[in-house]
Amino acid sequence: DTVTLSGIPDLVGDQANLTVLDAIRRARPDASGAQQYAFLVEIEGLDPDTLPYNLREFALFDDQSFAYQPLHEDQQQPALEFGDLARGRKVRGWLTFVGPDQSEYLELEYAPTMALEPAYVRVLLP
């Protein structure tokens with residue numbers, strides 16, 4: 001799925017496209033035994049100015065509205081980190097989360113600090 005992020009104050013038009021290219025339940029849980037999920041995302045800069053991105057701008061929500069933050073270690077590789085995107089440039093990387101053992105679906109939230117509203121992509125689990 002692709003969602004377009006717009007509505008960032010002082011900027012005109014669309015700022016970025018977010019595409020979830022793949023979503024997986026990782027084969028091995030983390031050291032605590034908790035389930036891990038990884039999302040391969042691509043962000044494309046659409047704004048004439050550069051668009052900053054950061055893995056901390058993402059969160060995962062389960063079907064009970066519990067929030068999970070991305071892991072900074074033991075991530076699926078290549079991991080999405082942080083940087084700036086010029087118009088027409090893209091970045092691709094994995095976001096990895098410790099999440100629920102079971103959930104009907106997961107929602108990946110992309111909420112850049114300068115955005116008025118976050119963008120959501122819902123993923124159904126097998």
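# A tour from the strand 7–8 loop to the aromatic pairs

Start by selecting R87, which is found in the loop between strand 7 (82–85) and strand 8. The model on screen is a predicted one. R87 is exposed, because its relative accessible area is 55% and the cut-off for exposed is over 50%.

Keep R87 selected and add P48. Along the sequence R87 and P48 are 39 residues apart, while in space their C-alpha atoms are 5.5 Å apart. Which residues is R87 in contact with, leaving aside its neighbours within four places in sequence? They are G45, L46, D47 and P48.

**The sheet**

Next, show the strands as a cartoon. Strands 1, 2, 3 and 8 form an open sheet of four, in the order 1-2-3-8, and the pairing is antiparallel. At the edges are strand 1 (2–6) and strand 8 (90–99), each of which pairs on one side only. On average, neighbouring strands of this sheet are turned by 30° against each other, direction ignored.

Now select residues 14–25, which make up strand 2. Strand 2 and strand 1 pair in the antiparallel sense over five bridges. To see one position along strand 1, pick V3: opposite V3 stands L18 in strand 2.

**The aromatic pairs**

Hide the cartoon and show the aromatic side chains. How many aromatic pairs does the structure hold? There are two.

For one of them, select F39 and F97. Their ring centres are 6.0 Å apart and the planes stand at 75°, so this pair is edge-to-face. F39 belongs to strand 3 (residues 35–45) and F97 to strand 8, so the pair ties together parts that are 58 residues apart in sequence. Is F39 buried or exposed? F39 counts as buried, because its relative accessibility is 2% and the limit for buried is under 20%. F97 is also buried, at 0% relative accessibility.

Move on to F58 and Y110. This aromatic pair is stacked, with 4.6 Å from centre to centre and 15° between the planes. F58 is in strand 5 (residues 58–62) and Y110 in strand 9 (residues 105–110), so the pair links distant parts of the chain, 52 residues apart. Both rings belong to buried residues: F58 has a relative accessibility of 1%, and Y110 has 0%.

**Last stop**

Finally, select Y105 together with R122. What sits over the ring of Y105? The charged end of R122 does, 3.7 Å from the centre of the ring.

Notes:
Residues numbered from 1 in each chain as written. Predicted model: local features only at pLDDT ≥ 70, side-chain atom pairs only at ≥ 80, totals over all residues. Heavy atoms only, no water. Pairing = 2+ DSSP bridges. Helix = DSSP H or I, 4+ residues; strand = E, 2+ residues; numbered from the N terminus. Axes fitted to C-alpha atoms, helices over the stretch in contact; angles between N-to-C directions. Buried < 20%, exposed > 50% of the residue type's maximum accessible area, 1.4 Å probe, protein only. Contact = heavy atoms within 4.5 Å. Phe/Tyr/Trp six-rings, centres within 6.5 Å; stacked < 30°, edge-to-face > 60°. Lys NZ or Arg CZ within 6 Å of the ring centre and 35° of its normal.
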